[in-house]
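Q: I'm new to this and would like to learn how to read a protein model. Can we go through one together?

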Amino acid sequence: MNVLLKVLVTGAISTALMINGPIKIIKKEKHMQAKGTFEVKVNPAETTQVEKDAGIGRFTIDKKWSGDLAGTSKGSMLTSLVESTGTMAYVALEKVDGKLGGKSGSFYFTHNATGELTWISGELKIIIDAKGGHSYLFDYELP
């Protein structure tokens, strides 16, 4: 059984007004897609008392990306689990350092971007196969 998780990727949002000139409008290039695999290590991290009281877990994330997106990422994840049903929710922030679409830089999944990958936006689909292998399909746009 495959598990499909969606992660939204949004570039940094900022407005720059020029006092003696026009406002620069950033146009997006055509839609692009990246494919590949990644290796992930998820390890428990120390939780705060508030998290413990609320039944929230904390984990660190370390990934190695291969394919059209090549690089590494590190992040932090908060989780909750309803043991009686097995239902789980999580939220994570993850900084990616790598190369994508011929451009190098860093960006955060669901947060902001830096370097040549500023203004990146799109959707990352994570696929977990029956053996626990991870792959991704990344639909994205760059300015």
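A: Sure, let's start with strands. Helices (H or I, at least four residues) and strands (E, at least two) are DSSP runs, numbered from the N terminus. Two strands pair if DSSP finds at least two bridges between them. Here, Gly-98 has Gly-105 in strand 6 as its bridge partner. Strand 5 (residues 87-100) and strand 6 (residues 103-109) run antiparallel and are joined by 7 bridges. Their hairpin has 2 residues between the strands, and Gly-101 takes a positive phi near 60° there.

Q: How many helices and strands are there in the protein?
A: You'll find 1 helix and 9 strands. Read from the N terminus, the order is β-β-α-β-β-β-β-β-β-β.

Q: What should I know about the model before trusting details?
A: This is a predicted model, where local features need pLDDT of at least 70, side-chain atom pairs count only at pLDDT 80 or more, and totals for chains, interfaces and linings use all residues. Residues are numbered from 1 along each chain as its sequence is written, and side-chain values use heavy atoms, with hydrogens and water left out.

Q: And what is pLDDT?
A: It's the predictor's confidence in each residue, from 0 to 100. The protein averages 78, and 76% of the residues score at least 70. Among the elements, strand 3 (residues 56-67) has the highest mean, 95, while strand 1 (residues 3-10) has the lowest, 49. Over residues 10-26, pLDDT stays under 50. Where pLDDT is low, the predicted coordinates should not be read in detail.

Q: How do I read aromatic pairs?
A: Rings of Phe, Tyr and Trp (its six-membered ring) pair if their centres lie within 6.5 Å; planes under 30 degrees apart are stacked, over 60 edge-to-face, and the rest tilted. By this rule there are 7 aromatic pairs. Take Phe-107 and Phe-109: their ring centres are 5.4 Å apart and their planes at 85°, so the pair is edge-to-face. Ring pairs link these two with Phe-38, Trp-65, Tyr-136, Phe-138 and Tyr-140 into a cluster.

Q: Are Phe-107 and Phe-109 buried or exposed?
A: Both are buried. Buried means under 20% relative accessible area, exposed over 50%, and partly exposed in between (1.4 Å probe, protein chains only). Of the 143 residues, 27% count as buried.

Q: Which residues does Asn-43 contact, leaving aside neighbours within four places in sequence?
A: Contact means heavy atoms within 4.5 Å. Asn-43, in strand 2 (residues 32-44), is in contact with Arg-58, Phe-59 and Thr-60.
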